[in-house]
Amino acid sequence: MTYTYPSPNITRATINNGPVNYVDRLFADDLLDFLVPLQNVTDATPKVVIFDSSNPNFFLGHIDMRTLKTPITDEKKQLGADYIRFTQLLQNITSTIFIAEIDGRAFGAGNEIAAQMDMRFVGPNARTGSFEEALGLIAGGGGQTYMGSILGKAKAMEYLLAAKSFTGPEGEALGLFNKYYDDSQGLKDGVLELAKRISLFPRVAVNQTKSVLSFLNPPNDAFQLDFEAFYAIEQGPEQQANVRKFLTLSEDQNDNHYELGLGESVMALYDKWDGSIA
C-alpha cells in the first residue's frame, strides 16, 4: 500500500497488490505493518483512514485461489491467524475510523474485509459479494458473521447461500453501503468531505462512539470458528474439483474478464454463465 495525507488527521491508504489486489501474505504483512502502530495513540495518529485502490477495476480481491489446492499447513494457518488479527485491529483500534472507498470489485475476502471496516461508500464501478458457496466453501473470514450483523439473518442467507453480488444501489438500499455515488469523483469528494468533518472533532469523542457501537459486532471468537469451519471442508473432493475448475476458467479469460464478473461468472461452474458481466 501507499499512503498520502490529504488533510491533518486523515490518511489515505491505497491498495496496490497485483492485477486483482489479492488478499495474500504480502497484503496481510503490509496491512499489519500499518495497523499495529496505530494501537499506540499519539497526536500523529490519524482519526480517519480511507482505504482505496490504485486499480480502477478492483478494490480488494479474494485470496489467491491457487493456495486452496495445497494441503493445510502451518504456513497457511498462520496467514489465517494474521487475517483474524488485522480484521480485529480494524475494530479494536477505536481511536481511528476506517472507511472503505470502493469503486471496483471486492469479492470473497475483499468483501469480507470491507464489511469489517467502520463505513463503506461506493462508486459506479463497485460490485461486491461472496462467491465461496458456489465452490462448496463458506465466507470464512468474517463474511458470514459480519454480513449477518449488517443485513440481518434472512438477507445475509439469501446473498451468501446464492453467491449473489451487490451493486452500489442494491447495497445502499440494504444498508451494506453508507452511500452510493454515481460518479467516481463524487465518491472521492464525498468521502473526503466526511473524513475532514470527523477529523475536526476531539479524538475522545471518536474513541467513545466507536467503542460503544463495537458492542454490535459479532463476538471475536466467531472469527476462529469461521476459519475452522472453512478448513474443515476446504480439502473435500467436490471443493477441490470446483477450485481447479475455477482456476482454469480464471486463467483462460483475457483481461481478468472472469474475475470482473464474479457473482455471475462463478455460475460457469454449473454451465450457467453466458459470458456477460455487469
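**Loops, helices and two buried charges in a predicted model**

Asn 9 sits in the loop that runs between strand S1 (2-7) and strand S2 (10-15). The model is a predicted one, and this loop is a handy place to start with its backbone. Phi of Asn 9 comes out near 75 degrees, a positive value in a residue that isn't glycine. That's worth a second look, since most residues other than glycine have a negative phi. As for cover, Asn 9 has a relative accessibility of 26%, so it counts as partly exposed, the class between the under 20% of buried residues and the over 50% of exposed ones.

Asp 271 brings up the backbone again. Here phi is positive too, at about 55 degrees, and again the residue is not a glycine. Asp 271 belongs to the segment after helix H11 (257-260). Its relative accessible area is 68%, and because that is over 50%, Asp 271 is classed as exposed.

Zooming out, the protein chain holds 11 helices and 9 strands. Its radius of gyration is 18 Å, close to the 19 Å that the globule rule gives for 278 residues, so the chain is as compact as a globular protein of that length. Taken along the principal axes, the C-alpha atoms fill a box of roughly 55 × 40 × 35 Å. Of the 278 residues, 54% count as buried. Sequence-distant pairs show up a lot in the contact list: among contacts with a separation of 6 or more, 74% come from residues 24 or more positions apart. The exposed surface of the protein chain adds up to about 12,500 Å², with carbon and sulfur atoms supplying 54% of it.

On the charge side, the protein chain carries 23 positive and 35 negative side chains. The centres of these two sets lie 4 Å apart. Three charged residues, taken one by one, fill in the picture.

Asp 82 is part of helix H2 (residues 74-92). With a relative accessibility of 11%, which is under 20%, Asp 82 counts as buried. What does the side chain of Asp 82 pair up with in a polar contact? The partner is the side chain of Arg 25, at 2.5 Å. Leaving aside residues up to four places away in sequence, Asp 82 touches Arg 25 and Leu 32.

Arg 127 is found in strand S7 (residues 127-129). Arg 127 also counts as buried, because its relative accessibility of 12% falls under 20%. Its side chain makes a polar contact of 3.0 Å with the side chain of Ser 165. Once residues up to four places away in sequence are set aside, the neighbours that Arg 127 touches include Gly 104, Arg 105, Ala 106 and Phe 107. Ser 165, Phe 166 and Thr 167 are also among them, as are Glu 264 and Ala 278.

Arg 197 lies in helix H7 (residues 184-199). Buried or exposed? Arg 197 is exposed, because its relative accessible area of 56% is over 50%. Arg 197 also serves as one end of a long span: its C-alpha atom and that of Pro 218 are separated by 28 Å, with the two residues 21 positions apart along the chain.

Terms used:
Residues are numbered from 1 along each chain as its sequence is written. This is a predicted model: local features need pLDDT of at least 70, side-chain atom pairs count only at pLDDT 80 or more; totals for chains, interfaces and linings use all residues. Side-chain values use heavy atoms; hydrogens and water are left out. Helices (H or I, at least four residues) and strands (E, at least two) are DSSP runs, numbered from the N terminus. The radius of gyration is taken over C-alpha atoms; the globule rule is 2.2 Å times the number of residues to the power 0.38. Buried means under 20% relative accessible area, exposed over 50%, partly exposed in between (1.4 Å probe, protein chains only). Contact means heavy atoms within 4.5 Å. Accessible areas come from the Shrake-Rupley method with a 1.4 Å probe; for residues, only the protein chains shown count as cover. Lys and Arg count as positive and Asp and Glu as negative; His and the chain ends are not counted. The place of a charge is taken as NZ of Lys, CZ of Arg, CG of Asp or CD of Glu. A polar contact is a pair of N or O atoms within 3.5 Å; within protein, one must be able to donate a hydrogen and the other to accept it, and residues adjacent in sequence count only if both atoms are side-chain atoms.
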